[in-house]
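Reader: I would like a close look at one part of this chain, with its surroundings explained in some detail.

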Amino acid sequence: MTDALIDLTLLSGLEQLRAAMRGEAPIAPIGATVGFDLVEVEEGRVVFEGTPTKAVYNPLGTVHGGWIATILDSACGCVVHAMLKQGQAYTTLELKTVFHRALAADTPVIATGRIVQVGRRAAFSEADLRGVDGKLYATATSTCLVMER
């Protein structure tokens with residue numbers, strides 16, 4: 001990250017995320033904490049990549065659903081963030097996650113978030129979590145409240 005960070009209040013959501021990816025703005029530390037990164041962002045679509053470790057296993061010996069929900073929540077939220085106009089913010093009101101198959105440690109995954117619809121006060125998004133081989137592990141839908149800062 002550069003020493004001089006830019007003023008995020010002057011940017012749209014898409015510009016904020018792109019600045020963070022370039023190291024010109026702070027990026028949310030949750031990705032580093034649980035092991036995934038935002039790798040693509042455009043209006044209406046974002047992509048995260050990650051590889052879970054055994055550190056996020058549940059007692060049954062598979063990746064904890066919380067790790068899966070976290071990467072999907074990030075994909076659903078960031079795709080809404082990418083649609084924000086300057087001066088807007090959002091918060092997640094609802095996240096629904098569906099687990100389609102167990103996920104093992106050291107399996108590289110890709111979470112792709114897409115916009116379903118953005119209104120004046122609410123935004124709806126969806127995301128899927130797939131292995132690099134295309135296997136579907138989980139899906140999510142999200143409802144977000146859009147507000148002025």
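Is Ser125 buried or exposed, and what is its relative accessible area?

Author: The model is predicted, and local features were accepted only at pLDDT of at least 70 and side-chain atom pairs only at pLDDT 80 or more, while totals for chains, interfaces and linings use all residues. Residues are numbered from 1 along each chain as its sequence is written, and side-chain values use heavy atoms, with hydrogens and water left out.

Ser125 is buried, with a relative accessible area of 1% (buried is under 20%, exposed over 50% and partly exposed in between, for a 1.4 Å probe and protein chains only). Its place is in strand β5, which runs over residues 122-131 (strands are DSSP runs of E with at least two residues, helices runs of H or I with at least four, both numbered from the N terminus). A polar atom of the Ser125 side chain lies 3.0 Å from the backbone oxygen of Cys76; a polar contact is a pair of N or O atoms within 3.5 Å, where within protein one must be able to donate a hydrogen and the other to accept it, and residues adjacent in sequence count only if both atoms are side-chain atoms. Cys76 also appears among the residues in contact with Ser125 (heavy atoms within 4.5 Å), and once neighbours within four places in sequence are set aside, the others are Val79, Val80, Arg114, Ile115, Val116, Ala140, Thr141 and Ser142.

Turning to the whole chain, there are 3 helices and 6 strands, and along the sequence they follow the pattern α-α-β-β-α-β-β-β-β. The radius of gyration, 15 Å, is close to the 15 Å that the globule rule gives for 149 residues, so the chain is as compact as a globular protein of that length (the radius is taken over C-alpha atoms, and the rule is 2.2 Å times the number of residues to the power 0.38). Of those 149 residues, 40% count as buried, and residues 24 or more positions apart account for 61% of the contacts with a separation of 6 or more.

Helix α1 offers another view of the interior, where Gly13, Leu14, Gln16, Leu17, Ala19 and Ala20 are its buried residues, and their cover includes β1 (36-42) and α3 (65-81). After α1 comes Gly23, whose phi is positive, near 85 degrees, and the loop between α1 (13-21) and α2 (30-34) holds Pro26. Pro26 is partly exposed, with a relative accessible area of 46%, and although 20 residues separate Pro26 from Ile6 in sequence, their C-alpha atoms are 9.2 Å apart in space.
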